[in-house]
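The following questions and answers examine a structure step by step. Please look at the model before reading each answer.

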Amino acid sequence: MAMPAALAGLRALDLTDEKGLSSARILADYGVDVIKIEPPKGSKARNVGPFYHNVPDVNKSFHWMYYCANERGITLDIEKKEGQAILGKLVKSADFVFESFQPGYLDKLGIGYKWMEKIKPDTILTSITPFGQDGPYKDYKASDLVCWSMGGYTWMVGDEDRPPVQITFPQAYLHASAEAAAASLLGHYHRLITGEGQHIDLSIQACVVRDLMNAPLFWELSHVVLKRSGPYRVGLTIGAKQRLHWKCKDGYVTYLMMGGAIGRRDNKALTDFMIEKDACPDFLKEVDWKNFNMAGTSQEFIDKVDAAREAFFLRFTKQELYQEAIKRHMTIYPVATVEDIAKDKQLEAREFWEVVDAPETGSMKYPGALARLSETPCVKRERAPHIGEHNQEIYTELGYSESAIKAFKQAGVI
Amino acid sequence: MSKQSFAGLKVLDMSWIIAGPWLVKYLADAGADVIKIESTHHPDSVRTSPPFKDNVVNLETSAYFVNYHCNKSSFSLNMNHPSGKGIEILKKLIKWADILVENFTPGQMEKWGLGYEAVKELKPDIIMVRMSQLGQTGPLSNMPGTGNQLVSLSGFTHLTGYPDRDPSNLYGGFTDTGSARLTTVALLAALCYRMRTGKGQLIDASQYESGGAHFLAPIIMGYMENGDIPVRNGNKCSRAAPHNTYRCKGEERWCAIAVFEDEEWKGLCRAMGNPSLANDPKYATLESRKKSEEELDVLVNRWTSMFTREEVVEKLQREGVPSGIVNDARDLYDDPQLKHRGFFWEVDHPIVGKNRYESLPFKFSNSPFKLRRPSPMMGENNEYICTQILGISEEEFIELLSDGVFE
């Protein structure tokens with residue numbers, strides 16, 4: 001017997017572009033019926049690569065395929081009156097709406113939250129925008145890099161002598177979309193308890209600030225502005241930095257000298273490893289790791305330890321070091337490429353990859369369930385929709401006749 | 001403010017460091033009753049992580065800890081107490097709880113005899129969230145580690161920095177935050193299911209899978225189908241140029257500029273006071289701009305460095321060019337937009353003092369979120385929890401206390 005989905009029976013409308021693209025889809029994994037609503041010419045997010053065989057094609061963007069999997073897709077021109085009437089019917093049928101337009105755009109069309117609330121009083125509208133619905137920057141033009149920068153993350157990353165950088169595969173929109181999915185369900189639980197609906201106003205910039213963890217607090221508490229530091233880790237001690245990423249024979253590994261219980265075990269294990277390979281300087285052999293206090297450690301001591309370890313790691317490949325770490329139960333990890341991830345034994349053993357079939361590409365492997373639920377596992381993924389693929393199906397469900405649908409098509413409404 | 005709709009929801013929080021406490025924070029801020037289980041023998045390492053009040057390091061001085069534990073109460077309990085009384089009390093709390101959250105290295109809960117099956121026996125409809133690094137199963141499930149290392153195993157580190165340099169530090173546990181967001185979705189889905197059916201369940205959330213692979217999925221698929229292995233590449237973006245951070249007037253002052261569309265390029269030229277540059281065929285299309293990207297960066301840098309960040313951004317926004325200040329930590333507290341949203345809320349903590357901390361990045365029109373209390377001292381709520389929730393008598397409580405069960 002098929003197991004039930006946790007959120008079966010709920011429906012979400014997804015009007016988002018690239019900024020919120022994966023938000024509703026995350027709910028789809030738990031059984032929500034997500035209807036992706038695109039403009040008649042298709043969503044611009046379809047143009048975000050990489051593409052299958054590196055040939056741009058609106059149906060073959062991996063970005064689209066993965067982040068819109070498990071959704072049904074329709075086209076609808078919400079700027080036209082007839083389109084808005086159809087949207088009204090959809091809103092009435094839905095439990096969630098996601099959008100990422102410029103603040104005020106929907107209101108200007110007369111189809112903002114107030115309008116939706118009238119149609120469906122307990123609707124939950126989640127708006128995902130760079131800076132939020134209101135405030136001095138609400139109309140600012142942004143991008144993933146701009147959100148990442150204004151949220152303070154860019155400042156923290158990169159080499160000291162070069163401009164600060166984002167992650168080469170940008171993350172602000174993706175993290176904000178995950179936060180939006182969580183926020184919508186917080187709103188849903190609130191609705192189940194109180195009956196109230198919700199307009200959720202999410203700021204991508206503010207989401208990015210939360211990714212910084214304790215970095216802002218260094219200013220607030222100590223008037224220290226932490227700064228990008230190349231491969232070194234700052235923010236674990238009162239003022240020192242230590243190497244985090246280490247060159248090895250064929251790439252890099254990550255090892256962080258820590259204090260506390262983890263540090264006691266790790267530093268001891270690494271020192272033993274170095275002793276066995278006859279590569280441990282005397283001063284390191286004598287360190288009392290049991291009573292090691294990371295927060296108060298001096299830069300001079302860290303530099304000495306780092307130098308010894310730098311030379312040591314260079315003697316091995318990243319896999320050799322990872323295997324030693326596994327054997328010794330310590331935390332040296334490879335700086336993995338996508339190839340390493342695709343071939344990772346742990347993911348394979350957990351049967352993480354999910355096979356999804358699509359006519360234009362044949363079957364492909366996707367990253368699998370985001371969590372494993374014993375009673376209500378995530379639903380098996382279906383491929384992402386083509387432009388207007390489910391127009392017929394969904395407009396018929398809404399009660400429109402064959403001829404009405406044809407007329408909408410001719411008028412450019414769908 | 002609306003009703004704190006999560007009030008009455010009972011959460012037993014055995015999690016530590018970032019991912020677990022982050023997830024539980026949503027529930028605590030919305031009104032849930034959260035009991036954090038701690039121990040002075042093995043304190044949450046965030047309790048001893050900076051920044052500290054006046055740089056004094058002890059269990060009560062970390063602002064980092066305050067950041068994630070407001071609206072929660074603390075119960076210190078020695079689960080390894082030889083009398084077995086620590087475990088006995090914990091079992092009572094499991095019976096009390098609707099939700100149990102833990103992110104130990106797998107095997108730790110089992111050592112205490114509290115794997116899912118045992119927990120379920122105590123409380124059949126409990127939702128148990130287990131969010132370890134690499135998941136509960138598989139050959140490497142019991143590998144130790146934190147987000148500091150997992151960001152590398154997950155592929156982010158390789159993609160951060162410049163191609164001719166060592167990869168850059170991503171500042172901490174980027175996988176913690178992604179996985180906490182997605183595991184919150186899983187938990188709330190399970191909670192809604194429980195309301196509907198009365199059934200609890202086990203959630204096995206691997207931070208490697210949810211904090212990593214989900215956020216890099218398109219390029220992992222790109223490797224599987226096309227064989228491509230992307231490498232860190234500064235701020236370069238295949239769909240935009242110029243696309244970088246640029247130096248502005250002052251020391252270490254930067255702005256970000258991202259030009260995707262030709263219209264935005266024209267806007268940039270106007271902002272730079274050089275509208276005719278837009279007609280130069282050398283830069284007219286994205287393709288040509290990508291070819292001359294280095295040269296363009298020099299050109300843009302020359303312009304931005306003549307002005308303050310604020311001036312540059314104002315000029316660019318007026319012309320419709322995506323741009324913004326590269327905020328540092330201090331700037332965030334002064335950022336007019338974050339201020340307008342009231343993003344930082346002030347927490348008055350008896351030891352750490354009055355400081356501004358992150359609230360939540362979304363605003364609800366009917367908000368259940370509220371700051372009720374600062375983060376607790378280690379074991380602050382022991383007596384209340386024992387006597388008021390668990391029905392332990394005052395005498396017995398004092399006996400347990402002197403036996404060291406609450407250490």
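Q: In which sense do strand S14 of chain A and strand S6 of chain B pair?
A: This is a predicted model. Strand S14 of chain A covers residues 372-373, and strand S6 of chain B covers residues 201-204. Leu373(A) has Ile203(B) as its bridge partner in S6(B). Over two bridges, the sense of the pairing is antiparallel.

Q: How many residues of chain A are in contact with chain B?
A: On the side of chain B that touches chain A, the residues divide into 64 nonpolar, 51 polar and 17 charged. These belong to the 132 residues of chain B in contact with chain A. On the side of chain A, the number in contact is 132.

Q: Are the directions of H7(A) and H7(B) roughly parallel or roughly antiparallel?
A: Helix H7 of chain A spans residues 172-194 and helix H7 of chain B spans residues 174-197; their axes come within 9 Å and cross at roughly 25°. Angles under 35 degrees count as roughly parallel. Therefore H7(A) is, with respect to H7(B), roughly parallel.

Q: How many residues of the contact of H7(A) with H7(B) are nonpolar?
A: H7(A) contributes residues including Leu185(A), Leu186(A) and Glu179(A), while H7(B) contributes residues including Leu188(B), Val185(B) and Arg181(B). The residues of this contact include two charged and five polar ones. The number that are nonpolar is 14.

Q: Which strands of the sheet S7-S8-S9 of chain B stand at the edges?
A: Three strands form this open sheet, in the order S7-S8-S9, with antiparallel pairing. A strand with a single partner strand has one side left without a neighbour in the sheet, so the strands at the edges are S7 (243-247) and S9 (323-325) of chain B.

Q: Which residue in S8(B) stands opposite Tyr246(B)?
A: S7(B) and strand S8 of chain B, residues 254-258, run antiparallel and are joined by five bridges. Opposite Tyr246(B), in S8(B), stands Cys255(B).

Q: Which helix packs on the sheet by touching S8 and S9 of chain B?
A: Helix H11 of chain B, residues 293-304, packs on the sheet by touching S7 and S8 of chain B, and its direction makes about 40° with that of S7(B). Another helix, residues 309-318, has a direction that makes about 160° with that of S9(B). The helix that touches S8 and S9 of chain B is H12 of chain B.

Q: What distance separates the centres of domain 1 and domain 2 of chain A?
A: Chain A is divided into domain 1 (11-211 + 349-410) and domain 2 (231-335). Taken over C-alpha atoms, the separation of their centres is 42 Å.

Note on methods:
Residues numbered from 1 in each chain as written. Chains lettered and ligands numbered in written order. Predicted model: local features only at pLDDT ≥ 70, side-chain atom pairs only at ≥ 80, totals over all residues. Pairing = 2+ DSSP bridges. Helix = DSSP H or I, 4+ residues; strand = E, 2+ residues; numbered from the N terminus. Contact = placed C-beta atoms within 7 Å. Axes fitted to C-alpha atoms, helices over the stretch in contact; angles between N-to-C directions. Parallel < 35°, antiparallel > 145°, perpendicular 65-115°, else oblique. Nonpolar A, V, L, I, M, F, W, Y, C, P; charged D, E, K, R; others polar. Domains from an automatic or database assignment.
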